[in-house]
Amino acid sequence: MWFTLTGGTLSEIYYPSADTPNSRSLEFVVTDGKSFTQGETRDTTRTAALADQKSLTYRQTSTDTGGRWTLTKTYITDPASATVLVDVDFRSLKGADLKLYTLFDPQLAGDSGHDTSRATRDALTAVDTHLPDRPVASALVSSTGFTSTSTGYVGTSDGLADLTANFALTSRYAQAGPGNVAQVAQRPTGRGGATRTILAIGFGGTEQAALISARASLHRPFEVTKRWYQLGWHLYTASLKAVPKQLRGDLLDQYWASVMAVKAHEDKTHPGAFSASLTIPWGQAVPADGSSGGGTGYHFVWARDMTTRSPPCSPPVTPPPPDGPWTGCSPASSAPTAASRRTPRSTAPPTRPTSSSTRPLSRSCWPDRSGGSTARSTATTSPRPPTSSSRPVPGPRRNGGRRPAATRRRPWPPRSPRSPPPPTSPTAPATPTARRGPGSA
């Protein structure tokens, strides 16, 4: 899994590969229930920084310019499940009894027009099966549960308009879709409007699989999962060449952030192939499904871009001469280029395997101690290094050749339960609201 952050919020989440965005945004809304409703991106001061220098553990902070509240969110992925975890810490700075709502806008399978959403007391789920060979489902759950939930259609019954007009959820719907849907949930808050909770956004091929993934991630303490997630990055960074001595302070932080960002864009099945960018550079300017001819983003491997990427090797930087430019990593691997190494998702042969050909990136894996990769996916972790004929073959595993219990794969996905009777749902808009590309909220 991969995720991206923008404008103080969580934006795209990619699953099961980096060419398939499954969300547009996850953001929060604050209200006092009687006089104001404020989104976390409006009239706030926002910051984002690495919470750990040598892992992609990002922390976002939004503070109301009026000094009424502050919101801190820390993001990781679960190395054992297809789940993004968010540690949410909300505080009322003036002791007012504030309410906190979570707004989630899924766009499963890279398209927002075919999502079916359900809202229950303890979970928000969505399913998209318009691609029979690649069904995707999401599940949003919380460690402290929800006070109320609803789902609706974007722009007409999505909850945000209700909160803006009435400072509370006055219309609640249990199901919406298929169509362009959005979800809303109220967070329980303690005395003085403060709350600390963990959000889990799980993914799978079915609704039940997504729920199992999200709830399994919440079963473990967040700090334990965070240390496990960070360990994968620490082992990777420890395997690199020594950092040049002239790098200090902010420049050193930027160096490590750049090294890890490049590694996060590498193909996790075919090392050496890099996605051009885990972003949608044109933001909301074109439809997200690519129908306008603008495509669905830079989630491809272009051999032409390899000239500006670090080659597929292990240590990233060779120290430069005192007055010379920085160079890329040493060419320790002779892996083929992206155009020749990537295998297209289709079974048909590529029509033009040239330097301008593109290939979707495959799923990501979490690195283990030996440099290999475990079976579960995470968002921004690194895979095993490329193989070469000179690399010694690792010996048999301990524990009788079995994978350690912490990384052993479970059957996936589980069988889906019987479909429940259709609950009350909002009326779909006569003309579906066009979803623009995922960009800044």
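Which residue of strand 4 does V29 stand opposite? In this predicted model, the partner of V29 turns out to be G39 in strand 4. That pair belongs to an antiparallel match between strand 3 and strand 4 (residues 37–39), held together by 3 bridges. The two strands make a hairpin with 5 residues between them, and within this hairpin G33 takes a positive phi near 85 degrees.

Strand 3 has a second partner to deal with. Strand 9 (residues 99–106) also runs antiparallel to strand 3, this time with 8 bridges. Here T31 is the residue found opposite K99 of strand 9. As for cover, strand 3 spans residues 23–31, and 9 of its 9 residues are buried.

Zooming out for a moment, the protein chain comes to 5 helices and 16 strands. Of its 441 residues, 50% are buried. Counting contacts between residues at least 6 apart in sequence, 66% link residues at least 24 apart. The surface that the protein chain exposes is about 19900 Å², with carbon and sulfur atoms supplying 54% of that area.

Now for the strands that build an open sheet. There are 9 of them, antiparallel in their pairing and arranged in the order 5-6-7-8-16-12-11-10-14. Strand 5 and strand 14 (175–179) sit at the edges with a single partner strand each, so one side of each has no neighbour in the sheet. From one strand to the next, the twist averages 15 degrees. At the strand 14 end, the link to strand 10 (residues 115–119) consists of 3 bridges, again antiparallel, and D115 faces G179 across this pair. Strands in a sheet pair, in general, through backbone hydrogen bonds, in either a parallel or an antiparallel fashion.

Strand 16 (residues 195–204) is home to L199. Is L199 buried or exposed? With a relative accessibility of 0%, L199 counts as buried, because the cut-off for that label is under 20%. Once neighbours within four places in sequence are set aside, the contacts of L199 include L26 and F28, along with T102. L26 and F28 fall within the residue range of strand 3, while T102 falls within that of strand 9. Other contacts of L199 include V84, L85, V86 and V88, as well as L140, V141, S142, F146 and R187. The C-alpha atoms of L199 and D87 are 6.5 Å apart, although 112 residues separate the two along the chain.

Helix 4 is next. It covers residues 249–264, 16 residues in total, and stretches 23 Å from first C-alpha to last, close to the 22 Å expected at 1.5 Å a residue. Its buried residues are L252, Y255, W256, V259, M260, K263 and A264. Viewed down the axis of helix 4, these buried residues fall within an arc of 165 degrees, so they line one face of the helix. As a rule, an α-helix has 3.6 residues a turn, so residues three or four places apart point the same way. The face of helix 4 turned away from the buried side carries D250 and Q254, both exposed.

What do the buried residues of helix 4 pack against? The answer is strand 1 (2–6), strand 5 (44–50) and helix 3 (222–238). Strand 5 thus turns up twice, as a packing partner for helix 4 and as an edge of the open sheet.

Methods. Residues are numbered from 1 along each chain as its sequence is written. This is a predicted model: local features need pLDDT of at least 70, side-chain atom pairs count only at pLDDT 80 or more; totals for chains, interfaces and linings use all residues. Side-chain values use heavy atoms; hydrogens and water are left out. Buried means under 20% relative accessible area, exposed over 50%, partly exposed in between (1.4 Å probe, protein chains only). Helices (H or I, at least four residues) and strands (E, at least two) are DSSP runs, numbered from the N terminus. Two strands pair if DSSP finds at least two bridges between them. The expected span of a helix is 1.5 Å times one less than its number of residues. The arc is that of the directions from the helix axis to the C-beta atoms. Contact means heavy atoms within 4.5 Å. Axes are lines fitted to C-alpha atoms, for helices over the stretch in contact, and angles run from 0 to 180 degrees between N-to-C directions. Accessible areas come from the Shrake-Rupley method with a 1.4 Å probe; for residues, only the protein chains shown count as cover.
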